[in-house]
Amino acid sequence: MKLIEKFSGILKCQLNFLTDRTFTMPFLVLNITIRCNSRCLMCDFWKNQNGEELSVREIQNVADSAEKLNIKKFVISGGEPLLHPDFTSIVKALKKTKAKLSLATNGIMLEEYAPFIAKSFSTVFVSLDGGDPEVYKKVRGVDGLSDAAKGVKKLKSLNPSILVIGRNIIQRSNYLDLPAIVKKAKDMGMDHISFSAADVNYAAFGRDNKVEREAARNILLDENDLIRFKTVITGLKKAGPEFFSSRFIIEGFKVFLNIHSYYGAMAGKSNFPAVCCNLPWLYAVIDADGNLRPCCLHKGIGNIRQESFEKIVTSAVMTEFRKKLKKQKDSMCSHCTYSSAKVHLKMLYEMF
């Protein structure tokens with residue numbers, strides 16, 4: 001019976017790809033609050049503390065569609081989701097769907113919530129943008145590395161099987177610290193660490209527009225940085241091949257080549273990495289204001305405060321959005337830091 005359910009889920013995903021309609025939605029990202037207690041260079045959520053957040057009732061309405069759309073995973077994010085006053089109630093509502101839950105957190109409050117998280121989530125993503133307190137604070141604007149480390153330790157002590165994945169945004173302030181970041185992730189007891197470049201082009205991550213030119217200069221790698229970054233990643237591969245062979249660095253060495261290409265393209269020195277992303281056919285993002293995006297960078301196509309979640313994701317507007325992505329070379333996708341992200345058949349099999 002379980003095997004039949006898996007193949008049914010995979011078949012519906014293939015129908016999504018073929019028809020651009022929504023027969024299933026394997027996972028859904030819920031940015032439950034805009035509040036944040038970090039002050040990151042590459043994100044503006046903390047600058048827009050307007051109190052926007054999803055209510056328990058709104059989450060419950062979404063959860064009611066989980067079985068029909070065969071949602072297998074909810075990713076709870078923000079802002080900083082642990083700042084939501086009804087965080088535990090939201091999690092309890094989603095747990096009733098039987099879908100797996102993942103949490104994306106900066107880790108500052110992780111130790112406090114560890115007992116609840118340990119029994120509620122299968123995966124926790126923890127931001128790790130520096131291998132030492134000084135670099136971490138330079139990128140994230142707060143002295144939170146030791147708090148994150150304590151939180152991961154507590155979480156693992158309570159539930160050794162919970163998957164903890166570090167999340168790092170490589171940028172000008174931390175790329176030289178890359179070997180120390182990987183080592184710190186290992187020392188903290190993380191199972192993996194994942195890397196990406198920083199987006200500065202689009203209205204996302206709390207921004208109404210792209211990052212202003214002066215601020216972008218403090219994030220992007222220039223021509224000289226690119227030369228040094230190539231030396232850093234080559235050295236890491238030579239000194240720590242086990243980080244790649246074991247998939248501790250979850251995407252493998254290719255992620256660093258893609259990041260190098262991305263920043264090279266932003267500097268006008270190379271082409272952007274090839275687009276192979278299929279995420280808009282498999283997931284959606286609901287922001288703290290109820291706005292539903294077909295991916296994290298594109299504009300919203302509806303709002304769950306005005307019409308139901310199920311109606312939006314199965315609408316003609318969603319279908320037309322996907323068709324346009326196929327028919328024309330979308331500049332937003334080609335300039336996206338996640339353009340190489342692809343959900344493969346094996347991943348779908350494991351998800352269902």
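Contact, on this tour, means heavy atoms within 4.5 Å. Keep in mind as you click along that the model is predicted.

**Stop 1: the core**

Select Phe-256 and bring up what surrounds it. Setting aside neighbours within four places in sequence, Phe-256 is in contact with Ile-170, Leu-178, Phe-195, Phe-229, Ile-233, Leu-236, Phe-244 and Ile-249. Now widen the view to the largest nonpolar core, which has 87 residues. Phe-256 is one of the residues with the most contacts inside this core, together with Phe-195 and Phe-309. Colour helix H4, residues 110–120, next: H4 gives the most to the core, with six residues. Apart from this core lies another, made of 21 residues. To find that second core, select Tyr-283, Leu-297, Phe-321 and Val-343, which are among its members.

**Stop 2: the sheet**

Switch to a cartoon view and follow the open sheet of nine strands. Walking across it, you meet the strands in the order S6-S5-S4-S3-S2-S1-S7-S8-S9, and their pairing is mixed. Which strands stand at the edges? They are S6 (192–197) and S9 (302–303); each has a single partner strand, so one side of each is left without a neighbour in the sheet. Stay at the S9 end and add strand S8, residues 291–293. S8 and S9 run antiparallel and are joined by two bridges. Show Leu-292 here, and you will see it opposite Gly-302 in S9.

**Stop 3: salt bridges in the loops**

Side chains of opposite charge can pair when their charged atoms come close. Across the whole structure, a search finds 14 salt bridges, and a few of them make good stops.

Begin with Arg-35 and Glu-53, whose side chains meet in a salt bridge at 3.2 Å, N to O. Both residues sit in the loop between strand S1 (27–31) and helix H2 (56–63), and they are 18 residues apart. Is each partner buried or exposed? Arg-35 counts as partly exposed, at 32% relative accessibility, while Glu-53 counts as buried, at 16%.

Then select Glu-52 and Arg-305, another salt bridge, at 3.3 Å, N to O. Glu-52 lies in the loop between S1 and H2, and Arg-305 in the loop between S9 and helix H12 (309–313), so the pair ties together parts that are 253 residues apart in sequence. Glu-52 is partly exposed, with a relative accessible area of 28%; Arg-305 is partly exposed too, with 38%.

**Stop 4: a charged network**

Move to helix H9, residues 223–239, and pick Asp-225 and Arg-228. Their side chains meet in a salt bridge of 3.1 Å, N to O. The two are three residues apart in H9, so about one helical turn separates them. Asp-225 counts as buried, at 5% relative accessibility, whereas Arg-228 is partly exposed, at 41%. Add Arg-172 and Asp-222 to your selection: salt bridges that share partners join these two with Asp-225 and Arg-228 into one network.

**Stop 5: a patch on the surface**

Finish with a surface view and select Leu-3, Phe-7 and Tyr-349. Together these three form a nonpolar patch on the surface, with about 300 Å² of accessible area. Tyr-349 belongs to helix H15, residues 345–351, and is partly exposed, with a relative accessible area of 35%.

Definitions and conventions:
Residues numbered from 1 in each chain as written. Predicted model: local features only at pLDDT ≥ 70, side-chain atom pairs only at ≥ 80, totals over all residues. Heavy atoms only, no water. Patch = residues over 30% accessible without salt bridge, like charges linked within 9 Å, V, L, I, M, F, W, Y side chains within 5 Å. Areas by Shrake-Rupley, 256 points an atom, 1.4 Å probe, with all protein chains shown as cover. Salt bridge = Lys/Arg side-chain N within 4 Å of Asp/Glu carboxyl O. Helix = DSSP H or I, 4+ residues; strand = E, 2+ residues; numbered from the N terminus. Buried < 20%, exposed > 50% of the residue type's maximum accessible area, 1.4 Å probe, protein only. Core = buried A, V, L, I, M, F, W, Y, C linked by side-chain atoms within 4.5 Å. Pairing = 2+ DSSP bridges.
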